[in-house]
Amino acid sequence: MKVHNFSAGPGILPKEVLLKASEACINFNNSNLSLLEVSHRGKDVIEVFSNAEHLVKSLLNIGDEYAVIFLQGGASFQFAMVPHNFLNKKAAYVNTGVWASKAIKEAKYYGETLVLASSEADNFTHIPKNYIIPEDVDYFHFTSNNTIYGTQTRDFPNSPVPLFCDMSSDIFSHRFDASKFDLIYAGVQKNMGPAGATMVILKKDLLNKIQRKMPSMLNYQIHVEGESMYNTPPVFAVYVSMLTLDWLKRNGGIEWAENRNRAKADLFYSELDRNSLFKGTVTKEDRSWMNANFIMNDPAKEDAFKKVLKEANISGLNGHRSVGGFRASMYNAMDLDSVQVLVNVMQEFEKTNG
Ligand SMILES: *Cc1c(COP(=O)(O)O)cnc(C)c1O
């Protein structure tokens, strides 16, 4: 029985990746040892990390001016690690949701934190766009996909200062010019692997800007020099991410993912706009391809709808605990078929409950 997994995070992974990962738990690379019980300094594990790095660079079309490292502490730890390393005087942020707010909160411990624009007063139902990035800040930080609200920026701003982005929930989901960015981070558990690793892609020359004296574990320079192995890294999470990136590359890379993600979003949102029982919660032009938020016009029908979702083997559709309603997360590994099943259920529900 196939369950259609619309979970917002940790999110859906390709079946073949899960099968391979489970095999590696018993017999990693025909060693008759589990990946979970071998040294991270072994040749085969080092190869996993270098494969992951190469796949990231080749998928994003970036070269050796970038380092790719895998750290722990989640994307949330990056909210602090980024300003700890790079906020010397002043930084600029845009507040587009809970995750952006949390990043702003941490930056304030380190220096002046300008919030250039915010959609908080409108419950983050759109992405503010009319702001100017000042030239006298250490960096500009934004969140590309607002996982909780279902808004997304796919056209990235040009920045006169180093451009930093939290891409936790939409990395590798559509084509973009990665060379515009100086630092990108993403918890791998939304679009790449299980929880436990956070990918950081950063321009190596950015490391020259680190001024603060700091403990080693907080220092990007140390982690880059140690090639993600300054301490014991989250090997399994990186292995699964590597398998997912390899799956992505073999299927046609980010262009393939983008076409699929656009098709899924088109299918879902056109039903949402057509169906008289449901409505979206965010401005149409800012709708996310990864997380689609919606509510019912008549909340009294929610329980009945949840029941039919369950009968159709649809899982993970509840909205974030802070916003309620529903949220359909359609990450890279989700097939169009699963979205079609959801759309069919919505149509059927309108016929019987409209
Ligand atoms: C999930 C998420 C986070 C938080 O990730 P953790 O790994 O739980 O710290 C941060 N930013 C975005 C955009 C997210 O989707």
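Me: How exposed is Asp 335, and how do I read its relative accessibility?

Reply: Happy to walk through it. This is a predicted model, and the value is computed from it. Residues under 20% relative accessible area are called buried, those over 50% exposed, and those in between partly exposed. Asp 335 has 29% relative accessibility, so this residue counts as partly exposed.

Me: Which residue does Asp 335 form a salt bridge with?

Reply: The general idea comes first: side chains of opposite charge can pair when their charged atoms come close. Here Asp 335 forms a salt bridge with Arg 260, and the closest N and O atoms are 3.4 Å apart. This pair joins distant parts of the chain, since Asp 335 sits in the loop between β14 and α9 while Arg 260 belongs to helix α7, 75 residues apart. Arg 260 has a relative accessible area of 18%, so it is classed as buried.

Me: Where is the partner of Asp 273, and how far apart are their closest N and O atoms?

Reply: Asp 273 pairs with Lys 284 in a salt bridge, with 3.7 Å between the closest N and O atoms. Asp 273 is in helix α7, whereas Lys 284 is in the loop between β11 and β12, and 11 residues separate the two along the chain. With a relative accessible area of 41%, Asp 273 is partly exposed. Lys 284, at 56%, counts as exposed.

Me: Helix α7 keeps coming up. How many residues does it have, and what span does it reach?

Reply: Helix α7 covers residues 253-274, which is 22 residues. From its first C-alpha to its last it reaches 32 Å, close to the 32 Å expected at 1.5 Å a residue.

Me: Which residues of α7 are buried?

Reply: A general point helps when you look at such a list: an α-helix has 3.6 residues a turn, so residues three or four places apart point the same way. In α7 the buried residues include Ile 254, Ala 257, Glu 258, Asn 261, Lys 264, Ala 265, Phe 268 and Leu 272. Try picking them out on the structure above.

Me: What covers the buried residues of α7?

Reply: Among the elements that cover them are the helices α2 (43-60), α6 (235-251) and α9 (336-353). Strands take part as well, including β11 (278-280), β12 (291-296) and β14 (326-329).

Me: Is Arg 287 buried or exposed, and what is it in contact with?

Reply: Arg 287 lies in the loop between β11 and β12. Its relative accessibility is 10%, so Arg 287 counts as buried. Leaving aside neighbours within four places in sequence, its contacts include Tyr 269, Leu 272 and Asp 273, and also Gly 150, Gln 152 and Arg 154. The C-alpha atoms of Arg 287 and Ala 265 are 8.9 Å apart, with their places 22 residues apart along the chain.

Me: How is the chain divided into domains, and how do I read their interface?

Reply: The domain assignment gives domain 1 (15-251) and domain 2 (253-353). Their centres, taken over C-alpha atoms, are 27 Å apart. The size of an interface is often given as the accessible area lost when the parts come together. Between domain 1 and domain 2 that buried area is about 2400 Å², with 52% of it from carbon and sulfur atoms. In terms of residues, 27 of domain 1 are in contact with 26 of domain 2.

Me: How many salt bridges cross that interface, and how many does the whole structure have?

Reply: Four salt bridges are found across the interface of domain 1 and domain 2, and a search of the whole structure finds 20. One salt bridge joins the side chains of Arg 175 and Glu 255, at 3.8 Å from N to O. Arg 175 and Glu 255 are also part of a salt-bridge network with Glu 258 and Arg 262. Another pair to look up is Asp 64 with Lys 57, at 3.1 Å from N to O. Asp 64 is exposed at 60% relative accessibility, whereas Lys 57 is buried at 6%.

Me: Last one: how many disulfides are there, and how accessible are Cys 25 and Cys 165?

Reply: The structure holds zero disulfides. Cys 25 is partly exposed, with 24% relative accessibility, while Cys 165 is buried at 0%.

Key:
Residues are numbered from 1 along each chain as its sequence is written. This is a predicted model: local features need pLDDT of at least 70, side-chain atom pairs count only at pLDDT 80 or more; totals for chains, interfaces and linings use all residues. Side-chain values use heavy atoms; hydrogens and water are left out. Helices (H or I, at least four residues) and strands (E, at least two) are DSSP runs, numbered from the N terminus. The expected span of a helix is 1.5 Å times one less than its number of residues. Buried means under 20% relative accessible area, exposed over 50%, partly exposed in between (1.4 Å probe, protein chains only). Contact means heavy atoms within 4.5 Å. A disulfide is a pair of cysteine sulfur atoms within 2.5 Å. Domain bounds come from an automatic or database domain assignment. Buried area is the accessible area (1.4 Å probe) that two parts lose on being put together, summed over both.
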